[in-house]
Amino acid sequence: MPQSQRLSSVIPFAAIGRPACPKCKAQMMLVSIEPARARGIDLHTFECAVCNHVLKTLAAFEDPMKSKDLGRWLQGDLHSPK
C-alpha cells in the first residue's frame, strides 16, 4: 500500500468522524490520511461511494509520545484498573 494511502495510527480509527457528502448527503468513506506540511496536522481524504465526490480536510493531532498524560504515566500517576 503506498504511503499516502496508509492510515495513520496516531488517531484511533473509530475517533475519525465520517462527514455527510455535501452533494448527495450520503455518509463518506475515509480513503487516506497523509501528513500535511505543518507539524501536528494530517490531511484526511474522504470519498462518497454514491456520487464519487472527494472531500479533503485538515485534522490536528497531538503526538501521544509528547502528551502530558505520558509524562504522568511514566511518573506513576496513572494506574491500571483494579
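**Close-up views of a three-stranded sheet**

**View A. Thr45 in its surroundings.** Thr45 is buried, with a relative accessible area of 7%, in this predicted model. The value lies under the 20% limit, which is why the residue is classed as buried. Thr45 belongs to strand β2. Leaving aside residues up to four places away in sequence, Thr45 touches Met29, Leu30, Val31, Ser32 and Glu34, and also Val54, Leu55 and Lys56.

**View B. The sheet as a whole.** An open sheet is formed by 3 strands, which follow the order β1-β2-β3 with antiparallel pairing. Strands β1 (29–35) and β3 (54–60) stand at the edges; each has a single partner strand, so one side of each is left without a neighbour in the sheet. On average, neighbouring strands of this sheet are turned by 25° against each other, direction ignored.

**View C. The pairing of β1 with β2.** These two strands pair in the antiparallel sense over 6 bridges. One of the bridge partners can be located by name: Pro35 is matched with Asp42 in β2. The hairpin of β1 and β2 has 5 residues between the strands, and in this hairpin Gly40 takes a positive phi near 85°.

**View D. The pairing of β2 with β3.** Strand β2 comprises residues 41–47 and pairs with β3 in the antiparallel sense over 7 bridges. Which residue of β3 is the bridge partner of His44? The partner of His44 is Thr57.

Terms used
Residues numbered from 1 in each chain as written. Predicted model: local features only at pLDDT ≥ 70, side-chain atom pairs only at ≥ 80, totals over all residues. Heavy atoms only, no water. Pairing = 2+ DSSP bridges. Helix = DSSP H or I, 4+ residues; strand = E, 2+ residues; numbered from the N terminus. Axes fitted to C-alpha atoms, helices over the stretch in contact; angles between N-to-C directions. Buried < 20%, exposed > 50% of the residue type's maximum accessible area, 1.4 Å probe, protein only. Contact = heavy atoms within 4.5 Å.
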